[in-house]
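Biologist: I should like to learn how to read the features of a protein model. Where should a beginner start?

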Amino acid sequence: MKYTELKESISRGANSVYLLEGDDAYFRMKGEEQIKTAFLTMPELNYTSFDGETLKGSGLSALISALKNYPFMAEKRVIRVSEFYPTESEYENYLKPLFEDFPPSSILIIVNSGAKKGVDLKRKHAVTYVDCGRADVDTVARWAYITLRRAGVAASTAACEKVAEYCLCNMARVSVEVEKLAAYKGEGQLTMEEVDSLVYKDADYRLYELTNAVSRRDYTAFCIIADELLQKSGDEMFLLAGLMNYFRNLFTILTSRDSNQELASKLKMKEYGVKKSREQAETIGEAKLAAYISYIYEKISAVKRGVITPLGAMQNAENYIFFS
């Protein structure tokens, strides 16, 4: 199930094993909070947390024993395990008997970022998989809209979508920015200008805007965005490397025969992001993208060899992109 469906699932009663997995830390944290709020009583006696790194081989017996213990003056005992990636053999030898006859008085919460590989837990018996991956723009914008409305602030769909885009749909950041907007506004209608001025734009989003300026041949916008990024990073090499990587990504998307969905999986992007990048890449063109990548790489190498300063390399790159 998606994270947004977890609340309704909890209202129907507890499940045995919850696997909260995905790259959005906010969803993982809030999902865990919802489960514990609904089913955990007297946490000082009925809650135990394990680090998955310590649960290897026979070490899994500690987890199994904790789950088989009865709760103290409560219906449920809650056990949490973070970054838990057992192997196939560990699952078969230790976990399978437990999962197939799970103690009815216990709940196991597994909180994984998905950074490592192991047995595919989400397909195992008794496991309720909660997708905590980064949500799409529509889902995040809807969350921002509802949260602002509950705080007494009215916001248009376009303004909420901008919040989502500026934060690259990272809910940890979106939640902070929405809280900031609600505190600033207090009540009334939130304008697009207020969103633009108050919401911090993720560096990757600004790089997207930078390359958008290239595709539009908008030199003024390019300079304004580049100056803003330089003020925040203070490093022309950061900007050059970011530009080269972004152009290289666009080139990969443009020349690939894979679908947007397949590319999203390979590049660890959202499908919406791949779609927008493909549109941008088509506007710039394959030949220009290849030339930009080659030229910027050459300038980065020249800086590292001491042939040119970072500022000079950045200025040369700007001139090549817009005036060559």
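Modeller: Let us begin with a term. A residue is called buried if its relative accessible area is under 20%, exposed if that value is over 50%, and partly exposed in between. Please also keep in mind that this is a predicted model.

Biologist: Is Cys 132 buried or exposed by that rule?

Modeller: Cys 132 has a relative accessible area of 0%, so this residue counts as buried. Cys 160, with a value of 1%, is buried as well.

Biologist: How many disulfides does the structure hold?

Modeller: The general idea is that a disulfide is a covalent bond between the sulfur atoms of two cysteines. The structure holds zero disulfides.

Biologist: Why does the sulfur of Cys 132 form no bond with the closest cysteine sulfur?

Modeller: Two cysteine sulfur atoms count as a disulfide when they lie within 2.5 Å. For Cys 132, the closest cysteine sulfur belongs to Cys 169 and is 15 Å away, which is too far for a bond. The case of Cys 160 is read likewise: its closest cysteine sulfur, in Cys 167, is 12 Å away, again too far.

Biologist: Cys 169 has now been mentioned. Where does Cys 169 lie, and what is its phi?

Modeller: Cys 169 is found in the loop between helix 7 (157-166) and helix 8 (171-185). Its phi is positive, about 60°, although the residue is not a glycine. With a relative accessibility of 7%, Cys 169 counts as buried.

Biologist: What is the phi of Ala 126?

Modeller: Ala 126, which is not a glycine either, has a positive phi of about 75°. Its place is in the loop between strand 4 and strand 5 (127-131). Here the accessibility reads otherwise: at 24%, Ala 126 is partly exposed.

Biologist: Let us turn to the strands. How should I read the two sides of a strand?

Modeller: In a regular strand the side chains alternate between the two faces of the sheet. In strand 3, Arg 77, Ile 79 and Val 81 are on one side, and Val 78, Arg 80 and Ser 82 are on the other. These residues are all buried, and both faces of the strand are covered. Since six of the six residues of strand 3 (residues 77-82) are buried, the strand is largely enclosed by the rest of the structure.

Biologist: Which strands pair with strand 3?

Modeller: Strand 2 (residues 47-51) is joined to strand 3 by five bridges, and the two run parallel. Within this pairing, Ser 49 has Arg 80 as its bridge partner. Strand 4 (residues 106-112) also pairs with strand 3 in the parallel sense, over six bridges. There, Val 78 is partnered with Ile 107.

Biologist: How does the chain cross from strand 3 to strand 4?

Modeller: The path goes through helix 5 (residues 88-100), and this β-α-β crossover is right-handed. Strand 2, helix 4 (residues 60-68) and strand 3 likewise make a right-handed β-α-β unit.

Biologist: Finally, how should I describe a pocket? Which residues lie nearest the centre of the second largest one?

Modeller: One may state its volume, its lining and the classes of its residues. The second largest pocket contains about 460 Å³ of space. Of its 15 lining residues, Tyr 3, Thr 4, Lys 7, Trp 143 and Arg 150 lie nearest the centre. Helix 2 (25-39) and helix 6 (137-150) each contribute at least two residues to the lining, and helix 6 gives the largest share, seven residues. By class, the lining consists of seven nonpolar, four polar and four charged residues.

How values were computed. Residues are numbered from 1 along each chain as its sequence is written. This is a predicted model: local features need pLDDT of at least 70, side-chain atom pairs count only at pLDDT 80 or more; totals for chains, interfaces and linings use all residues. Side-chain values use heavy atoms; hydrogens and water are left out. On a 1 Å grid over the protein atoms alone, a cavity is a set of points where a 1.4 Å probe fits but cannot get out, and a pocket is an open set with protein on both sides within 12 Å along at least five of seven lines; lining residues have an atom within 4 Å of a point. Grid points are joined across faces, edges and corners, and a volume is the space filled by probe spheres set on the points. Helices (H or I, at least four residues) and strands (E, at least two) are DSSP runs, numbered from the N terminus. Ala, Val, Leu, Ile, Met, Phe, Trp, Tyr, Cys and Pro count as nonpolar, Asp, Glu, Lys and Arg as charged, and the others, Gly among them, as polar. Buried means under 20% relative accessible area, exposed over 50%, partly exposed in between (1.4 Å probe, protein chains only). Two strands pair if DSSP finds at least two bridges between them. A crossover is right-handed if, with the strands pointing away from the viewer, the path from the first strand over the helix to the second runs clockwise.
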